[in-house]
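Biologist: Could you take me through the salt bridges in this one? I'd like a close look at which side chains pair up and where they sit.

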Amino acid sequence: MRVGKAARVARRRGLGRPLHSYRQAFPLWWHLLFVGIVLVIVAAVSLNQTVPVAGKVAGISVPLLATGIAWWVLTDVRLVLCEGGLLIGRFFPGMPPYAIPYRAIEPRGVTCVEDIGRFSRATGRSYGSTLFYFPQSRRGILLDGPTAAQAREGSALGGGMFDTAADTVRGGKMWAFAYSGRPEVITAQLQQGLAAQGVPHAAALQGVALPERSVGASPQEARARINGLAR
């Protein structure tokens, strides 16, 4: 896997080497939106007959660069499993991801779901700092970890603007991440990391997280299906 910023942040936060990386899964319309923006920019400038060639090049380059930067900021969202914990969030310069040591995760509070995009609606939770998905997102993982403030670097851009209250049984925060891949693989990797750090009940992780399930259609159903979710 590519290292770069992930390796630097992991080393700075004491999490060791990055081992596995998952990018956030985005719905198809998200990518089509940016393709559409690019096509509109190119067409609008190219069809303007009053602008010289040099002006067209400049007219296309600047908005395309701005669009590319916006795409990078919004889509470079990853879940990186390291030797001593995980990094989750945006990896754009000035926006360090959250760092969660394995010892701050409750192994019995991990759940794999098939419709993670329904989490906020089913639970009534506000969309906040610890949730990385779209309403249309499907496969995802939920885990009982620390609050966003505990996982954030002090200099992070935006601070606690989107933090929400603790919502797990043990007083932590439910973290949610939409990904593409096999749930048995990501849970095995996570369980291995927890076990290597001597986290109690690490061996129970896959038994409670699998099989993959729906988040439910109401707060009552969500609490019954999502491990560790508080009332």
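Modeller: Here is a walk through some of the charged pairs, one at a time. Keep in mind that this is a predicted model. The structure holds 13 salt bridges, and I'll pick out a few, including the one between Asp 76 and Arg 23, whose side chains meet at 3.0 Å, N to O. Asp 76 lies in the loop between helix 3 (53-75) and strand 2 (77-82), while Arg 23 is in strand 1 (residues 18-23), so this pair ties together parts that are 53 residues apart in sequence. The two partners sit in unlike surroundings: Asp 76 is buried, at a relative accessible area of 7%, whereas Arg 23 is partly exposed, at 45% relative accessibility. There's a third member here too, since Arg 23, Asp 76 and Arg 78 are linked in a network of salt bridges.

Next up is Asp 115, which forms a salt bridge with Arg 118, with the closest N and O atoms 3.7 Å apart. Asp 115 counts as buried, at 12% relative accessibility, and Arg 118 is partly exposed, with a relative accessible area of 27%.

Then there's a pair within a helix: the side chains of Glu 221 and Arg 225 meet in a salt bridge at 3.8 Å, N to O. Both belong to helix 8 (residues 219-225), and because they are four residues apart there, about one helical turn separates them. As for exposure, Arg 225 is partly exposed at 32% relative accessibility, and Glu 221 is partly exposed at 33%.

Terms used
Residues numbered from 1 in each chain as written. Predicted model: local features only at pLDDT ≥ 70, side-chain atom pairs only at ≥ 80, totals over all residues. Heavy atoms only, no water. Salt bridge = Lys/Arg side-chain N within 4 Å of Asp/Glu carboxyl O. Helix = DSSP H or I, 4+ residues; strand = E, 2+ residues; numbered from the N terminus. Buried < 20%, exposed > 50% of the residue type's maximum accessible area, 1.4 Å probe, protein only.
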